[in-house]
Amino acid sequence: MGDTHGYSSDPALQGLEGMAYRKVRAAHTGSLEREELQASALDLEWDMEKELQDPGLGLDRFQLECVEHRTVGNSNRADPDPDLEPIQPSVSVSPHGRFERLQEDPNYISHFTRAPPKGQRRSSCSLVKYLLAGVGLFILGLLIGHYAHSTDKPTPEPPTDTDLLEELLRDITAEKIQALHRPFISISDDNEEARAKHLYQQWTDLGLTDVQLSNYSVLLSLPGPSSSRIVDRASHECFLPSGAQCDPRNHNNNPTADQHFSYAAYSATGSLEAVVVDVQYGGLEDMRRARTTMNVTNQIALLKLGQAPLLYKISFLAEMGFGGVLLYMDPCDGPRDQSLWHKAFGVTLNPGGDPSTPGYPSIVGSYREEWPNLTSLLVQPISASLAKRLLNIQSVGLGSPCTPLAMPAASERRKIQLTIGTHSIYKTVNNVCGYLRGKTNPDRYVLVGSRHDSWHKGTAADWRGGSAMMTQIITSVTKQARRGWEPDRTTLFCSWGGSALGNIGSFEWGEENRVVLQSRAVAYVSLHSPVRGTETLRSTASPSLLQLTSDIQKRQLLSCIRGGSCPGPNVSSLQIPGDVSFFANHLAVPTMEFAFEQTKAEEMTAEVILRLVNDPVLPFYPLDIALDVQDKLKDDPLRTPRLLAAAASLRESSAFLQSETMRPANDPKERDPSHVRMLNDVLRDLEKSFMVPHPPPGVYRNLLYSLNGKVPQFSILKYPLDPLKHNAVNKSLSLIINAINSAEKLIHCGLDLFENSPDDTN
């Protein structure tokens, strides 16, 4: 990504910076004052014992000190600026020694006014007595009134963490979520700005502070006035992407919304006449096989989704010289539903953000690159039924086992004409963000994100569920805040626009506030797609949060055992679609998302948020990162002895750090504020060690995320940056071992906070 501004243009973030600076400065000053008082008390006790043993000791020390101070006082140097004067170390003297020093100092009397005559002193003493008596009576009256008022109206104490969690969970009900869901239905699906303004007003009324609307003018790729078409040159039959027939002479054809939005955003546009080539899933062997049978230059690849990132395969096909790609999903890879045979779909080829401002935000004055298409290929999604026709397959078997679609060996390849008419246009996307400020660490942010846009109005339910859940969580936590609860860290709630076409809103906001977020973002909790039916609980978390996510999921499963049917546990560190991408992929912030039945997913999400904003020591587990690294290397044939040794060393160090971290986590006496703050920064930044600069297309920069939950593996080993080059794997191995070594160095920084390390122990 490119460089960004060194400051935040978000007023709320600037306000938090100032407030956090004053708070940390005040806390640090108070800590210094307490340390000086403690040091003075110890010195005082030591000197009194010494003077009892040797009465002349105090006088001798005083005489030496007096000579030193006279020498300093008589120096000819100019007086320094009092604000810049260094703090001098205190010298241990007894109370008696301090008193003698003041009396014998020849300059002592000159620092004060001369004493008044005896008569004046007597009248002054009488006046002082009366004044003191009056002040004493006044203070006594204030105290009596204060305690009498306090007895009548006791101040309610803020709830404990356990009580707070129980109240939050009781407040989250299906009825309340549905009540919040209904107003979204009345908002126009075509007006993204209206949705953002609705959320802005709703969150402001609920009590979030500094709720802000931010907007960006970005380049969007949208369907053209006519749908894409595929014409069989042999039979002259015309097909829409769904497989429905169309009139080749009529470019409008009145398609449905689903048909109209069955397109690939940011594809190249135009028309191409070429032969269809079956490349299956687009793996390296599939590509080699296709290239040995014919010249693939400017031909059209028929490509299945799955087994590798789409952007990785598109990039590979373009490198091999193809001119177009037809995407489809094999029925054997999805639900055995016959109705899905005739449905096309939409995809985006945008890895994230506004393509016209790569690496920097689309704010006023930003330079715009002339880059409307992100690939040279004409890309079009089609239905399985149309793919079957183009592959010359007469019949398919959907039984058990299912027969995957593939072109018969003796079959003749079809020649088609592919026409794509999408267009690019600049439009405004809107984000909404609001803050619930923390008390102790207001400059540490726990981000909670949802979205308020969809692929098209027929899929509006995609965003409504997450927005309703987000608003219910805000309702519950602001209710507790009004009752006296003050979170330790700041919670930042955001709803993003432009998510469907490449997480544009979250990327632009993140790029604009990158510098602040790099030092202050603690974690990202996603509500992008939290509702996915009731049969399976899917939890996704980065390795730092695997333990916390698993613990919360287990408690949810225990409650469901008492109530009836229970889904099995399913926690993994997978690349997931959605706005989590920027925070996991470019900031390496620990992330998580629950996907389950609506109420349960929200309850678990609320518990995670509460732990992240309230736990004195962040609930991140460094040992889980080391175990994840070893798990990825365990069965990988490309692993080397050096790589395995580095992973074993990381596990040993991280286990030691985790055991030390338990001390302040479990014992309040171990929680020195500055010590805990530095420890939390180490725990938060550990995943940043696994960032690589230029990953393959479609692969996260954060190496800790996998593409396959069943077979853990470092993605850059399975999908190297240059798959056709012989040394591609060696480069990937170097990146991994460098990441492991960097993580271990940071862990040793964490161990230094405890003034201990494995080497010291040995």
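Student: Are cysteine 238 and cysteine 246 buried or exposed?

Tutor: Both cysteine 238 and cysteine 246 are buried. Buried means under 20% relative accessible area, exposed over 50%, and partly exposed in between (1.4 Å probe, protein chains only). This is a predicted model, in which local features need pLDDT of at least 70 and side-chain atom pairs count only at pLDDT 80 or more, while totals for chains, interfaces and linings use all residues. Residues are numbered from 1 along each chain as its sequence is written, and side-chain values use heavy atoms, without hydrogens and water.

Student: What makes cysteine 238 and cysteine 246 a disulfide?

Tutor: Their S to S distance is 2.0 Å, and a disulfide is a pair of cysteine sulfur atoms within 2.5 Å. The torsion about this S-S bond is about -70 degrees, so the disulfide is left-handed.

Student: Why is cysteine 433 called buried?

Tutor: Its relative accessible area is 3%, so cysteine 433 counts as buried. Cysteine 494, at 1%, is likewise buried. The sulfur atoms of cysteine 433 and cysteine 494 lie 2.3 Å apart and form a disulfide.

Student: Why is cysteine 749 called partly exposed?

Tutor: The relative accessible area of cysteine 749 is 42%, which falls between the two limits, so partly exposed is the term.

Student: How do you know that H19 is roughly parallel to H22?

Tutor: The axes of H19 (residues 641-666) and H22 (residues 728-752) cross at roughly 25 degrees and come within 9 Å. Angles under 35 degrees count as roughly parallel, over 145 as roughly antiparallel, 65 to 115 as roughly perpendicular and the rest as oblique. H19 is therefore roughly parallel to H22.

Methods: Axes fitted to C-alpha atoms, helices over the stretch in contact; angles between N-to-C directions. Helix = DSSP H or I, 4+ residues; strand = E, 2+ residues; numbered from the N terminus.
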